[in-house]
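Grab a viewer and a pencil: here are a few exercises on helix packing, salt bridges and a chain interface. Try each task before you read its solution.

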Amino acid sequence: MWQFLTDSYNWSGNEGIWARIVEHLWYTFAALGLSVLIGLPIGLRIGHTRRGAFLAINTGNAARALPSLGLLMLAVLLTDQIGFLPVLIALVALGIPPILASTYAGLSGVDPATIDAARGMGMTGREILTKVEIPIGLPLIISGIRSATLQIVSTATIAALVSLGGLGRYVIDGLKLRDFPQMFTGALLVALMALLLDALFALIGRITVSPGLKTG
Amino acid sequence: MTWIGDNLGLIWEQLREHLYLAILPVILGLIISVPLGYVATRYAWLANPLIAFGGILYSLPSIALFIVLPAILGTKVLSEVNIVVALTIYTVSLLIRNVIDGLRSVPPDVRQSAIAVGYGSMHRLVAIDLPIAVPVIFTGLRVVTVANISMVSVGAVIGIGGLGELFTLGFQKAFLTPVVVGVVLSLALALLADFVLVTLQRVLTPWTRVVAPVGEVA
C-alpha cells in the first residue's frame, strides 16, 4: 500500500488520487448542500411552530434503518440512468433526515420560559427564531449536519459502483482486479476524509456557538 | 412479482444471513461494553478518553472498515468475520457511552444503601447498578441495532451482505424487484428488532411502568 501511495504517478492526472479526492469532496458537498437546503428549513419550521413534530422525530429514527446501498440501486433503477443524478438523490435522501431531526430537536429543546421572555420583550416570531431559537439550538443543528456529512462521505464511496469517480473507485476497481493495496488505499483515504470533516465540524461548532451557552 | 415466488429460497437465505450478521455483533458488543463501561466508572479518568475514542471509531466509514480489517486480522476479504468484527467495533464504540452514562445515573444514596445492606461490588453491579442503567443502555442498543441492520448491506459491495446481495443482483440485471424486496425486508427487520428491544426493556424494567404518571407515554 505504501508503494501505491508514494508512487507519484498515482497522484497526478485525471484519475490520480488528488482528482479522486476532489471528486469525492464535490459529491459530498453537493449532496450536503442540498440536504441542508431542504432539511434545515423544514426542521426550523417544525421546531418553531411545533407542528408536525411526530414527522420530525420519526423520520430521524426511520432513516437510520435505510440501507444506503439499496437506496442507491433504487435511485439508479428508478431514474433509469447511471451517473451523478441517482447518486445525488440517494445521498440527499440519507442526508436530510439527520439534519431535519436534529434541527427540530435543537429548537424544541429551548426552554419555553426563554421564548416567553423573548415574546414579552416584544420580539416577533421571526426575531425569536433567528435571535433566540437558532442560537440556542445551534449545537444540535450542527451535530445533525455533522452526522449527515459522515453518512454522505462514507456512502459516496459506493458511487463508484455506478461508474462515478471519487475515492470509491480505488475500492471497487481494486476489488475487481484483486489489487488489495489499491483497495486499502481507497478505504484509508475515505476514513481519513471522514475524520477530517468530522474535526472540521467540531471546530465550526466551537467557533459559532455563543459563548453564553458554553458554561458548565 | 413472479420473481419473488421463484426466489423465496434465496430471499429467505439472505434474510437469515442478514439477521445473523447484524445481531451477533450487537450481542458481542454488549458483552464487551458492559465490563469496559464498568471499569471506566471505577477508574473515572478512563471514561472520557474511552468515549472520545469511541466517537472516532464510529465515524469511520463502514466500507473502509470492511476492507481494512482483513489486513489487520489476517482474514480473507470475503470472510464473514470482517463484517462481524467491524459491526462489533461500531457497537462497542457507540454503546460504551451509554453504558458509562447509565452506570453513572445510579443515585449515590441507592448505591450506599446497597453497600449498607451488605452487597458486594459484583452483586451490586448485577442486582442494582445494571438494572437501573437499563433504560440508558437500551437507548444506545436500539440505535446501534437499527444502524447495524442497515450497514450489513454495504458488505454486499465486497460480496457478503445478506439482503444487500439482492441490491447488487437487481442492479446487475437492471431489475427493480430484488432491490425493492431487499429495502423493504431490511426496513422491516430494523423495525421488528427495535420492537423486540422496546418490549425487552419493558420486561426488564417493570418499575418504570408503575412510576410513570397516567397518560404519559414513556
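**Exercise 1. Find the partner of B:Glu13 in a salt bridge, and give the distance between the closest N and O atoms.**

Solution. Step one: apply the rule, a side-chain nitrogen of Lys or Arg within 4 Å of a carboxyl oxygen of Asp or Glu. Step two: B:Glu13 pairs with B:Arg16, and their closest N and O atoms are 3.0 Å apart. Step three: look at the spacing. B:Glu13 and B:Arg16 are three residues apart in helix 2 of chain B, so about one helical turn separates them. Helices here are DSSP runs of H or I with at least four residues, strands are runs of E with at least two, and both are numbered from the N terminus.

Before going on, a word on ground rules: this is a predicted model, where local features need pLDDT of at least 70, side-chain atom pairs count only at pLDDT 80 or more, and totals for chains, interfaces and linings use all residues. Residues are numbered from 1 along each chain as its sequence is written, chains are lettered from A and ligands numbered from 1 in the order in which they are written, and side-chain values use heavy atoms, with hydrogens and water left out.

**Exercise 2. Now do the same for A:Arg119: which residue does it form a salt bridge with?**

Solution. The partner is A:Asp116, with 3.9 Å between the closest N and O atoms. Both A:Arg119 and A:Asp116 sit in helix 6 (residues 112-120) of chain A, three residues apart, or about one turn of the helix. Over all chains, the structure holds nine salt bridges.

**Exercise 3. Describe how helix 2 of chain B packs on helix 7 of chain B.**

Solution. Start with the geometry: helix 2 (residues 8-42) and helix 7 (residues 121-152) of chain B pack at about 140°, their axes 9 Å apart. The axes are lines fitted to C-alpha atoms over the stretch in contact, and angles run from 0 to 180 degrees between N-to-C directions. That angle makes helix 2 of chain B oblique to helix 7 of chain B; under 35 degrees counts as roughly parallel, over 145 as roughly antiparallel, 65 to 115 as roughly perpendicular, and the rest as oblique. Next, handedness: helix 2 of chain B passes helix 7 of chain B in a right-handed crossing (the near helix is turned clockwise from the far one by less than a right angle; anticlockwise would be left-handed). Last, the chemistry: this contact has 14 nonpolar, four polar and one charged residues. Ala, Val, Leu, Ile, Met, Phe, Trp, Tyr, Cys and Pro count as nonpolar, Asp, Glu, Lys and Arg as charged, and the others, Gly among them, as polar.

**Exercise 4. At what angle do helix 2 and helix 7 of chain A cross?**

Solution. The axes of helix 2 (residues 17-49) and helix 7 (residues 125-156) of chain A cross at roughly 145° and come within 9 Å. The crossing is right-handed. By class, the contact of these two helices divides into 14 nonpolar, seven polar and one charged.

**Exercise 5. Size up the interface of chain B and chain A.**

Solution. Count residues: 33 of chain B are in contact with 34 of chain A (contact means heavy atoms within 4.5 Å). Then take the area: about 2700 Å² is buried, and carbon and sulfur atoms give 86% of that. Buried area is the accessible area (1.4 Å probe) that two parts lose on being put together, summed over both. B:Ile67, B:Val157 and B:Phe171 supply 22% of what chain B buries against chain A, more than any other three residues. Finally, check for charge pairs: the rule finds zero salt bridges across this interface.

**Exercise 6. Which residues link helix 4 of chain A to helix 8 of chain B?**

Solution. The axes of helix 4 (residues 68-79) of chain A and helix 8 (residues 164-172) of chain B come within 9 Å and cross at roughly 20°. The two helices are therefore roughly parallel to each other. Helix 4 of chain A contributes A:Leu69, A:Gly70, A:Met73, A:Val76 and A:Leu77, and helix 8 of chain B contributes B:Gly164, B:Phe167, B:Gly170 and B:Phe171.
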